[in-house]
Amino acid sequence: MDKKEILRYVDHTLLTQTAAWEEIRQICDDAVAWGTASVCIPPSYVKRAKEYLGSRMAVCTVIGFPNGYQTGAVKVFETRDAIENGADEIDMVINLGDVKDGNYQKVEEEIRQVKEACGEKILKVIIETCLLTEEEKIRMCQVVTDSGADFIKTSTGFSTAGATFADIALFAKHVGEGVKIKAAGGISSFADAEEFVSLGADRLGTSRLVKLAKAEQA
């Protein structure tokens, strides 16, 4: 795969707490210039970014981020607000405490409610793989499949580790038909990005690949 092809898989991401509008505007411009799949930005910037971008680029935002322990009602409200402000895609964080309690039915119901709030918009479910056992990851593949969500996603990028090749291979083996895979967190080279795609990733959450492409062009 050439670099332009890899960049089409990228959700070009900026979620730092201190991100100012000028930085958000810049990644919007870069996403358009390099043909990424979307920009992934904080909810507070969705309306302004969508007004700025129009139909030139999909706008993705995060819900229940980064810890996932808001109530389901709060996540649903956040989702509806984001959609009303123009979000095209939603990346939500699950309640990891419910997973640790083995309460998978509650996790699935929360995802279902958020998906209902999304309507036809894309929903990606962040399960934070670095905090789960292999058995929990496999169970979450089934939960996400049964919930009707569009994607399972590895990581927020704000915990102890990001995506691994092993986790993407595990997802590819255990998710149901029609569920796509997003690798996110720590993707720092085009070689790694290509490997994630070859293992089954349909999206890549990263801020680094566009920066690398720009640096090589300079």
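Which residue stands opposite Thr206 in E8? I began with this question while going through the model, which is a predicted one, and I found that His12 is the residue facing Thr206 of E8.

I then looked up the pairing around that position. Strand E1, residues 10-13, is joined to E8 by three bridges, and the two strands run parallel. I turned next to strand E7, residues 180-184, which is likewise parallel to E8 and joined to it by three bridges. Here I noted Ala183, which stands opposite Leu204 in E8.

Between E7 and E8 I followed the chain through helix H9, residues 190-199, and recorded that E7, H9 and E8 together make a β-α-β unit that is right-handed.

I also checked the two faces of E8, residues 203-206, for burial. Arg203 and Gly205 lie on one side and are buried, while Leu204 and Thr206 lie on the other side and are buried as well, so I take both faces as covered, with buried meaning under 20% relative accessible area.

I stepped back to the whole sheet and traced a closed barrel of eight strands, in the order E1-E2-E3-E4-E5-E6-E7-E8, with parallel pairing. From one strand to the next, the twist averages 25°.

As a last entry I looked at another pair in the barrel, strand E3 (residues 58-63) and strand E4 (residues 89-93), which run parallel and are joined by four bridges. For Ile63 I wrote down Met92 as the bridge partner in E4.

Methods
Residues are numbered from 1 along each chain as its sequence is written. This is a predicted model: local features need pLDDT of at least 70, side-chain atom pairs count only at pLDDT 80 or more; totals for chains, interfaces and linings use all residues. Side-chain values use heavy atoms; hydrogens and water are left out. Buried means under 20% relative accessible area, exposed over 50%, partly exposed in between (1.4 Å probe, protein chains only). Two strands pair if DSSP finds at least two bridges between them. A crossover is right-handed if, with the strands pointing away from the viewer, the path from the first strand over the helix to the second runs clockwise. Axes are lines fitted to C-alpha atoms, for helices over the stretch in contact, and angles run from 0 to 180 degrees between N-to-C directions.
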